Amino acid sequence: MKTKFNITLYLTAVLLLLSYSNSFAEVLRPFQILLPGNTCGNLITFNEDQKAEGSEAFKLPYIVNDFFKQKDKDSLIFAIGNDSDMFKAFSYLNKGKAERELIKKCHPMASALSPNDLEVCNEGYLDYDIKNRVFTNVEAPDNNEIFQRYFVTTINNSNVYFFNFITAENCEKLALERWSQIRVDNPARALRKINPDLTAKDFTISIVYGDLASVNELTDELKRLKGIHFIVNVPINGESPLFPVTHLQDGNNNVFRFSVEPGYKALPILNIIPKNVGYPRTTLRMIPFKKYSEKAIKNDFKDVWNQVRQEFHKLLKVIPITNRPSTSANRISLQAHAEMLKYATNTEIAFIKMPDQISFKESVITVGDVITRFPNERIIRFRATENQIRKMFSSMLEDSSIKDFGFAGCQFLALGKHFWEFSINRNSIDKNRLYTISTTELTAKEFAVQKLLKSCIIEKYDGLTLWTVWKNNLQSFPADEEKLFE
């Protein structure tokens, strides 16, 4: 009897010890989720003298590696995307390749992408790295999926799902040729279709490129699922963050939401300590790069800069010093911008609002001059009747000064808010036909142009931009220096 009692007591003690050990390990074994990326096309920038300057984002792989080596916790690495930007000079030239290589050095388990990453690929090759990224709410009509829908891994007996949502509105400006065969679903509806089989101890990370309405809808969908869910808002194109940075908005039951700082300044890290009962203890940190010194990034910068150095300095046009003083400050004239746009787009009419420009003093024009002296813009092409064109020009004269615009292919006389003797390519206007017209996205934001475009036939965007217009056509453009500069 005594022996049985001792055995029972012993077994009970062992079970209690095992239970205590498992509980102790479950509570105290934390893990962290590192979220590198969001370099925003600022890996390399250029000052007014066209000197290349490397950002602190080059430190990213070294910092990630240091945190990944920590022995007191487990680590997961998910890249959050938004690394390239076709409106930033280096990223435009390199087509996002250097940014993708940088993030690859962080060894992420899965990577997201943003509308900006996709747009850079308009002119580039869809390499393996892009195809292997996560885009949760995209569908291909032929079921030939280009991207992963989601990624899942296991840590401490918990599943961690990684999603990436881009709203349809953010995909409207992608080039037709490359992206016409994809459909972008509503994020909440896409998640319902996936219907992940979650338990109370599972986690999800959702990168979202969208507005507050789409995020709120996704939040409601996640609240219906078991587990703990994190929504990461990554602001793009100058957007304000939807949520406080470095603060977890936790007023939505099992859904936590936060925004992140630019990834060339700081590294977001989620620290999670699971519990037996209730929600885990979770904190968000933004690790500033300024605290870290890494000598190796100087060589990394040189290697990356060398990828585009030759193209950056490629000669496009020589400015004869016999015609212009070599010390003069050159700016592309507004009329030349319009003539170049008409020439490159093969339209009958082109018009453009004066872009911001930085003067340059060299006696040559290089690719670097083009992509650092005035901003990049998308090119819009449309067709309109004679009556529509007249009404638009009349409204433009009422809203703005005619001196703010450059015109090519059309001729007219203007005084104040009136114009007359209107012709196209020196010919009288045919009232029974449509004319092809090209302009820039910034110009199209003028009220009179917006009003016109609502009633016109707009061609699908093909990825052509103002930098590409000049870079690819300046050498063959039939214009002398007197007309080229102002």
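This section describes the overall make-up of a predicted model, followed by its strand pairing, its aromatic pairs and the surroundings of one glutamate.

The chain contains 18 helices and 24 strands. Of its 486 residues, 52% count as buried. The exposed surface of the chain amounts to about 24,000 Å², and carbon and sulfur atoms supply 50% of this area. Contacts across the sequence were also examined: among those between residues at least 6 apart in sequence, 77% join residues at least 24 apart.

Strand 14, which spans residues 266-273, is mostly covered, with 7 of its 8 residues buried. This strand pairs with strand 1 (residues 31-34) in the antiparallel sense, over 4 bridges. Within that pairing, I269 of strand 14 is the bridge partner of L34. Strand 14 also runs antiparallel to strand 15 (residues 281-288), to which 8 bridges join it. Here I272 has T282 of strand 15 as its bridge partner. In general, the side chains of a regular strand alternate between the two faces of the sheet.

A search of the whole structure for aromatic pairs returned 19. In one of these, the ring centres of F78 and F162 are 4.7 Å apart and the ring planes lie at 15°, so the pair is classed as stacked, the cut-off for this class being under 30 degrees. Because F78 belongs to strand 4 (residues 74-79) and F162 to strand 8 (residues 158-166), the pair ties together parts that are 84 residues apart in sequence. Both F78 and F162 are buried. A further group of rings, made up of Y150, Y161, F163 and F165, forms one aromatic cluster. An aromatic ring also takes part in an arrangement with a charged group: the charged end of R433 sits over the ring of Y435, at 4.2 Å from the ring centre.

The final site considered is E441, located in helix 15 (residues 441-444). With a relative accessibility of 16%, E441 counts as buried, because the limit for that class is under 20%. The side chain of E441 makes a polar contact of 2.8 Å with the side chain of K173. When neighbours within four places in sequence are left aside, the residues in contact with E441 are K173, E377, R378 and I380. K173 thus appears both in the polar contact and in the list of contacting residues.

Technical notes: Residues numbered from 1 in each chain as written. Predicted model: local features only at pLDDT ≥ 70, side-chain atom pairs only at ≥ 80, totals over all residues. Heavy atoms only, no water. Phe/Tyr/Trp six-rings, centres within 6.5 Å; stacked < 30°, edge-to-face > 60°. Helix = DSSP H or I, 4+ residues; strand = E, 2+ residues; numbered from the N terminus. Buried < 20%, exposed > 50% of the residue type's maximum accessible area, 1.4 Å probe, protein only. Lys NZ or Arg CZ within 6 Å of the ring centre and 35° of its normal. Contact = heavy atoms within 4.5 Å. Areas by Shrake-Rupley, 256 points an atom, 1.4 Å probe, with all protein chains shown as cover. Polar contact = N/O pair within 3.5 Å; in protein donor to acceptor, adjacent residues only side chain to side chain. Pairing = 2+ DSSP bridges.
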